[in-house]
Every structure is written in structure tokens, then in C-alpha cells.
Amino acid sequence: MEYICYSCGKIVTEEDIVKRVRCPYCGGKVLFKKRPEIVKKVKAR
Ligand SMILES: [Zn+2]
């Protein structure tokens, strides 16, 4: 699982926050889960 720092926008891995839930780059505490872009499915008839 990967997270994105809300402050600096860098990717924070789960290993980085195993000890402390904060961004190792800027120290930001707000992280949100990284979601893969959802590709809209087009119905094929
Ligand atoms: Zn950060």
C-alpha cells in the first residue's frame, strides 16, 4: 500500500510509516491512500 503526502505530494510507502505515521520527507501528518486511476469501462455490445 502506498500513500501520498498531502503537504508535499510525495509517495510514502507503508514501510515508511510503520513507526510513525508522518511523511518522512516533510513531516506532514496528513497522508491519503494512493488510488490507481480508475479506467472507465465502456460497455461493448
Ligand atoms: Zn510530505
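**Exercise 1. The first hairpin**

Find the residue with a positive phi in the hairpin of β1 and β2, and describe its surroundings.

*Solution.*
Step 1. Five residues lie between the strands of this hairpin, and Gly9 has a positive phi near 80 degrees. The model is predicted.
Step 2. Place the residue. Gly9 belongs to the loop between β1 and β2.
Step 3. Is Gly9 buried or exposed? The cut-off for exposed is 12 or fewer other C-beta atoms within 10 Å. Gly9 has 11, so Gly9 is exposed.
Step 4. Look along the chain. Tyr25 is 16 residues away from Gly9 in sequence, and their C-alpha atoms are 9.8 Å apart.

**Exercise 2. Building the sheet**

Work out how the strands are arranged, starting from the list of elements.

*Solution.*
Step 1. List the elements. The protein has three strands and zero helices. From the N terminus, they run β-β-β.
Step 2. Take one pair. β1 covers residues 2-5 and β2 covers residues 11-13. These two strands pair in the antiparallel sense, over three bridges.
Step 3. Take the other pair. β3 covers residues 31-33 and pairs with β1, again antiparallel and over three bridges.
Step 4. Recall the principle. Strands of a sheet pair through backbone hydrogen bonds, either parallel or antiparallel.
Step 5. Put the pairs together. The result is an open sheet of three strands in the order β2-β1-β3, with antiparallel pairing. Its edge strands are β2 and β3, each pairing on one side only. Neighbouring strands are turned by 40 degrees against each other on average, direction ignored.

**Exercise 3. Partners across the strands**

Which residues stand opposite Tyr3 in β2 and in β3?

*Solution.*
Step 1. Look toward β2. Tyr3 stands opposite Val12.
Step 2. Look toward β3. There, the bridge partner of Tyr3 is Lys33.
Step 3. Add another pair. Glu2 faces Thr13 in β2.

**Exercise 4. A residue in the second loop**

Where is Ile17 found, and why does Ile17 count as it does in terms of exposure?

*Solution.*
Step 1. Locate the residue. Ile17 sits in the loop between β2 and β3.
Step 2. Apply the cut-offs. Buried needs 20 or more neighbours, and exposed needs 12 or fewer. Ile17 has 15 C-beta neighbours inside 10 Å, so Ile17 counts as partly exposed.
Step 3. List the contacts. Leaving out residues up to four places away in sequence, Ile17 touches Tyr3, Val12, Arg22 and Leu31.
Step 4. Check one of these contacts. Ile17 and Leu31 are 14 residues apart in sequence, and 9.9 Å apart from C-alpha to C-alpha.

**Exercise 5. After the last strand**

Describe the place, exposure and contacts of Lys34.

*Solution.*
Step 1. Locate the residue. Lys34 lies in the segment after β3.
Step 2. Judge the exposure. Lys34 has 12 other C-beta atoms within 10 Å, so Lys34 is exposed.
Step 3. List the contacts. Beyond its neighbours within four places in sequence, Lys34 is in contact with Glu2, Tyr3, Ile4 and Ile11.
Step 4. Add a distance. Lys34 and Cys5 are 29 residues apart in sequence, yet 9.5 Å apart from C-alpha to C-alpha.

**Exercise 6. The whole protein**

Give the dimensions, the share of buried residues and the share of contacts between residues 24 or more positions apart.

*Solution.*
Step 1. Dimensions. Along the principal axes, the C-alpha atoms fill a box of roughly 50 × 20 × 10 Å.
Step 2. Burial. The protein has 45 residues, and 7% of them count as buried.
Step 3. Contacts. Consider the contacts with a separation of 6 or more: residues 24 or more positions apart account for 28% of them.

Notes:
Residues are numbered from 1 along each chain as its sequence is written. This is a predicted model: local features need pLDDT of at least 70, side-chain atom pairs count only at pLDDT 80 or more; totals for chains, interfaces and linings use all residues. Helices (H or I, at least four residues) and strands (E, at least two) are DSSP runs, numbered from the N terminus. Two residues are in contact if their C-beta atoms, placed from the backbone, lie within 7 Å. Two strands pair if DSSP finds at least two bridges between them. Axes are lines fitted to C-alpha atoms, for helices over the stretch in contact, and angles run from 0 to 180 degrees between N-to-C directions.
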